[in-house]
Every structure is written in structure tokens, then in C-alpha cells.
Amino acid sequence: MSPKLPINNSQTITEFLNLHKSQISEEDSEDSYKFAFGDEAFLARRETMGIRFELELLKPNVLLNEQGIEHTITVFGSTRFISHVEALTQKEKAKTPDEIAEANKALLHSKYYESAREFGSLVAHYNATQESNFNKLHICTGGGPGIMEAANRGAFEAGDKTIGFNISLPREQHPNPYVSPGLSFRFHYFALRKMHFMLRARAIVAFPGGFGSCDELFEVLTLIQTKKVVPIPVILVGKEYWNEMINFDHMVKFGVINEEDMQTIHFSESAQEAWQVIRDWYQLG
């Protein structure tokens, strides 16, 4: 029996764009004569993957520099949480037992949406007191719904610049409407997106979330633990949730992490507490 090993384990950009082999073959001179940098079919080939990596790293960096953005606070959290107003509307419309249960859950979790929105506003109001861009901290999220939308929304409503690093997904994720014009970016590669989450991050604020939030959180903690980045505050909002999901104390007792690895982790129950951790860490006054 022959082993059925895959040729590769990634979704290629040609697959994502649904390009047929004939569309990238460039068999006639009209296609082959194009400038390489203006030839989308050529840039979508597997052989040009390294160039696409470089471009996904370069483009946001250039545009963020042009807008004078030096420091960010990266906010993670569930895409499924909705605002308190939306949750109330959902509850009013609920008819069946399943719908009522779902609406009650949405109403309970809406406190995290409102907390992330308040946090974005607190950061924005701090920025309004700063004359130099170098002293400002801008809200940065994955640009999608839920907690990402809430944090972007709070900063946006307070009149501040706010950043969204969106990602291409099988069920396409669209940017939320609270990302500032010119600061909404789209990535194909999670690795490059994660790099940008960290390149300017001066703090990480993680609200309750699923696989994606945990993935991003542990990536950050690993970078700090291995001294690949300067330690920054990592703030987990909702201590009960995080302690139930991840037993950090047990990890220390079991010896798989050290007590000092916990020094950058802070728990908070509110937007004000999360913001205070950052203010104290950087002596913002």
C-alpha cells in the first residue's frame, strides 16, 4: 500500500485565489512580456512565496511609518462577542429555548465587548494629551468582529487612529468599520500578521477567546520567555476565565515554566485595571 503523503500542507495563494494552472502558465508573449512586479499571476506562483512574505512584512511597516505610528497595544479576544445593545435586541427576538439560551449567553458575554470598547477609549483619551507621536499608544487588533471590533470602536469613537490586521480565511473575514482609513491591512500568512502584532506592541491585552486568542497569547509568552522580545505587560482580562482555561500555577508547580515567566502576566477585571497596568509599567503618570 503506497503512502498518501500530501505534497504540501498549506493552502497556496493560487488555491486561495482559485487560479487555474492555465492562468499562471504564461504561454503567450502578452503575459511573459509583463513587468515581473506587475504580473499578478507570476506573483501568485509557489516559487514567489518568499517575495510575498517580504511584501506582507514591508507594506504595513511602510504605511505605519508614514502615519507616525511607533507604539501599539495589541488586543485579542473572541470574535463571537457582541455589544450590550445587540445582545438585548437578540434576546427580545429570541423565541425558542435554544434561541433564548443563546441570547442569554450573548448578554452575559457582552460585558467583555463593552470592556474592550472602554479600553480603546481610555487609550485614545491618553493619546489626546500627548503632542508627540512617539509618546502615543495606538489600539491594534486583528481587524475583525467581536473584541477586535470593540477595541477599535472605542478608540475610533474617541477620535483616535486605530489599526486592523485582517487575515484571509475560507469564510472571508471582513474588516470592522472602526479601523481608521489607510490603517486596514490584509494578510494571507498568519506568520507575517503575527509579526506585525508584535513589532510595535508595547502591551498585549487578551480578553476571553478561543483557539485564535490562545494561539496568539502563547506566541507572545514564548517570545518573552525566550528573550526574543523585550518583556512587555501581558494583561488577561477575566481572571476566572483564564485560570479555568489555563492553570498557570500548575505549570509552575509541574516545572514546565519558571515563576519568573509569570512576571509579565497580569490579570484584570476591567478596562480601567488593564490600562492602569500599562500606565504603571511605562510610568505614564
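Q: How many bridges join β2 to strand β3 (residues 162–167), and in which sense do the two run?
A: In this predicted model, strand β2 is joined to strand β3 by 3 bridges, and the two strands run parallel. Two strands are said to pair when at least two bridges are found between them, so the 3 bridges between β2 and β3 meet that requirement. One point of contact can be named, since Thr141 has Gly164 of β3 as its bridge partner.

Q: Why are strand β1 (residues 72–76) and β2 said to pair?
A: The requirement is again at least two bridges, and β1 and β2 have 3 bridges in the parallel sense, so they count as a pair. Thr72 has His138 in β2 as its bridge partner.

Q: What makes both faces of strand β2 (residues 138–141) count as covered?
A: His138 and Cys140 are buried on one side of the strand, and Ile139 and Thr141 are buried on the other. In a regular strand the side chains alternate between the two faces of the sheet. Buried stands for under 20% relative accessible area, so each of these four residues falls below that limit, and neither face of β2 is left uncovered.

Q: What makes the contact of the side chains of Arg117 and Glu114 a salt bridge?
A: The side chains of Arg117 and Glu114 meet with N and O at 3.6 Å, and the limit for a salt bridge is 4 Å between such atoms, so the contact qualifies. Both residues belong to helix α7 (residues 97–127), where they are 3 residues apart, or about one turn of the helix. Side chains of opposite charge can pair when their charged atoms come close.

Q: Why do Arg117 and Glu114 count as partly exposed?
A: Partly exposed covers the range between the buried limit of 20% and the exposed limit of 50%. Arg117 has a relative accessibility of 23% and Glu114 has one of 25%, so both values fall inside that range.

Q: How do you know that the side chains of Glu157 and Arg117 also meet in a salt bridge?
A: Their N to O distance is 3.1 Å, which is within the limit of 4 Å, so the salt bridge is assigned. This pair links distant parts of the chain, with Glu157 in helix α8 (residues 147–157) and Arg117 in helix α7, 40 residues apart. Glu157 itself counts as partly exposed because its relative accessibility is 43%.

Q: What makes Glu114, Arg117, Arg153 and Glu157 a network?
A: These residues are linked by salt bridges, and the remaining link is the one between Glu157 and Arg153, whose closest N and O atoms are 2.9 Å apart, again within 4 Å. Glu157 and Arg153 both lie in helix α8, 4 residues apart, about one turn of the helix. Arg117 thus has salt bridges with Glu114 and Glu157, while Glu157 also has one with Arg153. A search of the whole structure finds 6 salt bridges.

Q: Why is Arg153 called buried or exposed?
A: Arg153 has a relative accessible area of 16%, and the limit for buried is under 20%, so Arg153 is called buried.

Q: Why can Glu244 and Glu273 be part of a surface patch of negative charge?
A: The patch is formed by Glu240, Glu244, Glu269 and Glu273, and membership calls for over 30% relative accessible area. Glu244, in helix α11 (residues 239–245), has 60% and counts as exposed, whereas Glu273, in helix α13 (residues 271–282), has 40% and counts as partly exposed. Both values are over 30%, so the two residues meet the accessibility condition.

Q: What makes Ile51 fit the nonpolar patch on the surface?
A: Ile51, which lies in helix α5 (residues 49–66), has 41% relative accessibility, and this is over the 30% required, so Ile51 passes. The patch consists of Ile51, Leu55, Leu58 and Val62, which together have about 320 Å² of accessible area.

Q: Why does the phi of Lys227 deserve mention?
A: Most residues other than glycine have a negative phi. Lys227 is not a glycine, yet its phi is positive, at about 60°. Lys227 sits in the loop between α10 (211–225) and β6 (234–237), and it is exposed because its relative accessible area of 67% is over 50%.

How values were computed
Residues are numbered from 1 along each chain as its sequence is written. This is a predicted model: local features need pLDDT of at least 70, side-chain atom pairs count only at pLDDT 80 or more; totals for chains, interfaces and linings use all residues. Side-chain values use heavy atoms; hydrogens and water are left out. Patches are made of residues with over 30% relative accessible area and no salt bridge: like charges are joined within 9 Å, nonpolar side chains (Val, Leu, Ile, Met, Phe, Trp, Tyr) within 5 Å. Accessible areas come from the Shrake-Rupley method with a 1.4 Å probe; for residues, only the protein chains shown count as cover. Lys and Arg count as positive and Asp and Glu as negative; His and the chain ends are not counted. The place of a charge is taken as NZ of Lys, CZ of Arg, CG of Asp or CD of Glu. Buried means under 20% relative accessible area, exposed over 50%, partly exposed in between (1.4 Å probe, protein chains only).
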